[in-house]
Amino acid sequence: MLINSLCTYAITKDSPHLIEAKISIDAGHSIFEGHFPGQPIVPGVCMVQMMKEIIEEQRQIKLDMIEADNIKFLSVWVPAIYPEVFASISLNVDNGLRADGVLFAGEITFLKLKASFVNR
């Protein structure tokens, strides 16, 4: 949905319990015309969706989020300042799929996510 539209990504590490990726955002995407005009920022829901889509593509599954224990938006992601950010997603597959992920650029953390998913 967002991958290859709002953003692209390149995997930097993929193991059974960890996915790391570099995400490149399209700062000219039409979503920024409304979020927000003259001061575009990446919507929080899009950050969460990017992480979900990366998991889905890398594991070749379709997921539904069933619980979000903890979602923290810690910094504003301004695409003109941070056209590339990094994702680190730890996965636990005991009793479903649990993800513990972070979106960051250097010392700046944009999102921390702890969520549970089920196969669609």
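Two residues are in contact when heavy atoms of theirs lie within 4.5 Å. The exercises below apply this and related terms to a predicted model.

**Exercise 1. Contacts of a helix residue**

Task: State where Gln49 lies, decide whether Gln49 is buried or exposed, and find which residues Gln49 touches when residues up to four places away in sequence are not counted.

Solution.
Step 1. Gln49 belongs to helix H1.
Step 2. The relative accessible area of Gln49 is 18%. The limit for a buried residue is under 20%, so Gln49 is buried.
Step 3. With residues up to four places away in sequence set aside, Gln49 touches Met1 and Leu2.

**Exercise 2. An aromatic pair**

Task: Determine what kind of pair the rings of Tyr82 and Phe110 form, and which parts of the chain the pair ties together.

Solution.
Step 1. The structure contains 3 aromatic pairs. In the pair of Tyr82 and Phe110, the ring centres are 5.3 Å apart and the planes stand at 70°.
Step 2. Planes over 60 degrees apart count as edge-to-face, so the pair of Tyr82 and Phe110 is edge-to-face.
Step 3. Tyr82 is found in the loop between strand S3 (63-73) and strand S4 (84-92), while Phe110 is in strand S6 (residues 108-119); the pair therefore ties together parts that are 28 residues apart in sequence.
Step 4. The accessibility of the two residues is then compared with the limits. Tyr82 has a relative accessible area of 21% and is partly exposed, whereas Phe110, at 0% relative accessibility, is buried.
Step 5. Ring pairs also bring in Trp77, which forms a cluster with Tyr82 and Phe110.

**Exercise 3. A network of salt bridges**

Task: Identify which residues are joined into one network by salt bridges that share partners.

Solution.
Step 1. Side chains of opposite charge can pair when their charged atoms come close. The whole structure has 7 salt bridges.
Step 2. One of them joins the side chains of Lys52 and Glu56, at 3.0 Å from N to O. Lys52 and Glu56 are 4 residues apart in helix H1 (residues 44-59), so about one helical turn separates them. Lys52 is buried at 11% relative accessibility, and Glu56 is buried with a relative accessible area of 7%.
Step 3. Glu56 also forms a salt bridge with Arg120, with the closest N and O atoms 3.9 Å apart. This pair links distant parts of the chain, since Arg120 is in the segment after S6 and Glu56 in helix H1, 64 residues apart. Arg120 is exposed, at 58% relative accessibility.
Step 4. Arg120 forms a salt bridge with Asp64 as well, and here the closest N and O atoms are 3.1 Å apart. Asp64 lies in strand S3, 56 residues from Arg120. At 31% relative accessibility, Asp64 is partly exposed.
Step 5. Through the shared partners, Lys52, Glu56, Asp64 and Arg120 form one network.

**Exercise 4. The nonpolar core**

Task: Find how many residues the largest nonpolar core has, and which element gives the most to this core.

Solution.
Step 1. In soluble globular proteins, nonpolar side chains tend to be buried together. The largest nonpolar core here has 33 residues.
Step 2. Strand S1 (7-15), strand S2 (18-25), H1, S4, strand S5 (97-105) and S6 each supply at least two residues of this core. H1 gives the most, with 7 residues.
Step 3. The residues with the most contacts inside the core are Ile23, Met50, Ile55, Trp77 and Leu103.
Step 4. Apart from neighbours within four places in sequence, Trp77 is in contact with several residues, including Ile23, Met50, Tyr82, Leu103 and Phe110.

Definitions and conventions:
Residues are numbered from 1 along each chain as its sequence is written. This is a predicted model: local features need pLDDT of at least 70, side-chain atom pairs count only at pLDDT 80 or more; totals for chains, interfaces and linings use all residues. Side-chain values use heavy atoms; hydrogens and water are left out. Rings of Phe, Tyr and Trp (its six-membered ring) pair if their centres lie within 6.5 Å; planes under 30 degrees apart count as stacked, over 60 as edge-to-face and the rest as tilted. Buried means under 20% relative accessible area, exposed over 50%, partly exposed in between (1.4 Å probe, protein chains only). A salt bridge is a side-chain nitrogen of Lys or Arg within 4 Å of a carboxyl oxygen of Asp or Glu. A nonpolar core is a set of buried Ala, Val, Leu, Ile, Met, Phe, Trp, Tyr and Cys residues joined through side-chain atoms within 4.5 Å.
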